[in-house]
Amino acid sequence: MTRPFYRSLYVQVLAGIVLGVVVGVVWPDKGAAMKPLGDGFIKLIKMLIAPIVFATITVGIARMGAMRDVGRIGIRTLLYFEAVSTLALVIGLVVVNILQPGRGLHVDPTAAVPAAASGAAPIGTVDFLLNIIPVTVVDGFVRGDILQVLVVSLLFGVALLMQGDRARMLVSAIEQLSHTLFVMVGMIMRLAPIGAFGAMAFTVGRYGVGSLLSLGKLMAGVYLTCLLFIIIVLGSILRLIGLRLVPFLRYIGEEILIVLGTSSSESALPRLMLKMEQLGCSKPVVGLVIPTGYSFNLDGTSIYMTMAAVFVAQASGVQLSMREQLSILAILLLTSKGAAGVTGSGFITLAATLAAVPSIPPAGLALLVGVDRFMSEARAITNLIGNAVATVVIARWDDALDLAHARRVLAGNQPDHIAPLPEAVAPAPR
């Protein structure tokens, strides 16, 4: 029996977004007051991300059967991430030079620097690598630092793998914990329409629509570039492995809407992991690729940061040479990898990047304070789709994707709905 359309999470989230926009336009003050609804939903999801990442990666590695499988998948994943995110950075750089959205704004280089940028500092390679190592085993879990959780999870999973049958009971217990966490996700996702409503009402009510006109060219450029990246680059990658983009986007449509409403790709991480397993990707690949991708494969953030960095220079009247633009690109190759672990993500990481480029006055960042929130949807959705595509690519590369099953699911011949029930949520052991 077909469910009524209004019970679909897709429809409910879309309705929440539309109502949020209406409230923000008609009653701006009341819309701005809805911010706690969006913040609360994101916090509920984020509190589960670290334990889910730990349980998924640990069980995935422990069930691989050989150490060489861990290394093989890890190396292939990082190679793919580096290639695609670098391409995203280059595309953003090309588009911003063609559109030149900052030309003619004439920002005063002596203006006040945004508070969010005042404490930013360049991120060196050594500091970046040292920050991945937690102070204690639980430090990354306490602070929600996914990179540190990844390190602990990898070490724990490898340790279980080395013990073999002696660790079987512990692996089963962690796997059951993973299933329980996903049941909790199903419960929390019932609140997604409320979270989307609150986030959109706050955004429109707080910043308004008219205030965006002067910076519309940059925003349009970011959205257009992300759209072209998804259609041309990610679409071509999917076609190379035998899948089509439109059915793939339709399959993860609910997750895209959740991200659209909350402007946080992390809000859909647990559901995305389940969807990729149901699509036919093996559990070890999903467990390694998606959590790692949220730190190392931020395609949308890469596009945004190259465009925003050059935009600030253009708005400040600074003519960047090709050498300076390539140096920005080189810096972003490192700093963009840590964007997901920073509160305020793109904006603060951008400030840290510009701090390493003396020719660009940091006062130009003030231009982005009001509109950064409006561009976060584009980069968050691109990040989500990029990581979903990366998962099927790595699974296909590692012969860990049931391609025939994936095509049936994308064609609608297999159930793809994730119900918040234990029997529907818990994937079968592999």
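Is R72 buried, partly exposed or exposed? I looked this up before anything else, and R72 counts as partly exposed because its relative accessibility is 28%. The model I am working from is a predicted one, and I keep that in mind for each entry below.

**Entry: R72 and D398**

I then asked what R72 is paired with, and I found a salt bridge to D398 in which the closest N and O atoms are 2.5 Å apart. R72 belongs to helix 4 (residues 67-99), while D398 sits in the loop between helix 19 (372-397) and helix 20 (403-410), so this pair ties together parts that are 326 residues apart in sequence. I noted that D398 is buried, since its relative accessible area is 13% and the cut-off for buried is under 20%. When I set aside the neighbours of D398 within four places in sequence, I found D398 in contact with R72, I73 and R76.

**Entry: the other salt bridges I followed**

A search of the whole structure gave me nine salt bridges, and I wrote up two further ones. D39 forms a salt bridge with K35, with 2.6 Å between the closest N and O atoms. Both D39 and K35 lie in helix 3 (residues 35-62), four residues apart, which is about one turn of the helix. I set beside this the general point that an α-helix has 3.6 residues a turn, so residues three or four places apart point the same way. I recorded D39 as partly exposed, because its relative accessibility is 31%, and K35 as partly exposed too, at 33% relative accessibility. I also noticed that K35 lies over the face of F202, at 5.5 Å from the ring centre.

The next one I followed was E255 with R271, where the closest N and O atoms of the salt bridge are 2.9 Å apart. E255 is in helix 13 (residues 253-262) and R271 is in helix 14 (residues 269-279), so the pair ties together parts that are 16 residues apart in sequence. I found both E255 and R271 to be buried. Salt bridges with shared partners join E254, E255, R271 and K275 into one network.

**Entry: aromatic rings**

How many aromatic pairs does the count come to? I obtained three aromatic pairs, and I looked closely at F54 with F156, a tilted pair with 5.3 Å centre to centre and 55 degrees between the planes. F54 lies in helix 3 and F156 in helix 8 (residues 146-163), so this pair ties together parts that are 102 residues apart in sequence. F54 is buried, with a relative accessible area of 15%, whereas F156 is partly exposed, with a relative accessible area of 33%. Ring pairs link F54, F141 and F156 into a cluster.

I also checked for a charge over a ring elsewhere, and I found the charged end of R379 over the ring of Y304, 4.2 Å from its centre.

**Entry: helix 11**

I compared the span of helix 11 (residues 216-240) with what its 25 residues should give: at 1.5 Å a residue I expected 36 Å, and the end C-alpha atoms are 35 Å apart, which agrees. I nevertheless recorded a kink of about 30 degrees in helix 11, centred on L234. After helix 11 comes G242, whose phi is positive, near 100 degrees.

**Entry: V310**

I turned to V310, which is in helix 16 (residues 299-315), and I marked V310 as buried because its relative accessibility is 3%. Leaving aside the neighbours of V310 within four places in sequence, I found V310 in contact with L93, V96 and Q325. V310 and Q100 are 210 residues apart in sequence, yet their C-alpha atoms are 8.5 Å apart in space.

**Entry: the chain as a whole**

I closed with the totals. The chain has 21 helices and zero strands, and 56% of its 430 residues count as buried. Among contacts between residues at least 6 apart in sequence, I found that 85% join residues at least 24 apart.

How values were computed
Residues are numbered from 1 along each chain as its sequence is written. This is a predicted model: local features need pLDDT of at least 70, side-chain atom pairs count only at pLDDT 80 or more; totals for chains, interfaces and linings use all residues. Side-chain values use heavy atoms; hydrogens and water are left out. A salt bridge is a side-chain nitrogen of Lys or Arg within 4 Å of a carboxyl oxygen of Asp or Glu. Helices (H or I, at least four residues) and strands (E, at least two) are DSSP runs, numbered from the N terminus. Buried means under 20% relative accessible area, exposed over 50%, partly exposed in between (1.4 Å probe, protein chains only). The expected span of a helix is 1.5 Å times one less than its number of residues. The bend at a residue is the angle between axes fitted to the seven residues ending there and the seven starting there. Rings of Phe, Tyr and Trp (its six-membered ring) pair if their centres lie within 6.5 Å; planes under 30 degrees apart count as stacked, over 60 as edge-to-face and the rest as tilted. A charge sits over a ring if NZ of Lys or CZ of Arg is within 6 Å of the ring centre and within 35 degrees of the ring normal. Contact means heavy atoms within 4.5 Å.
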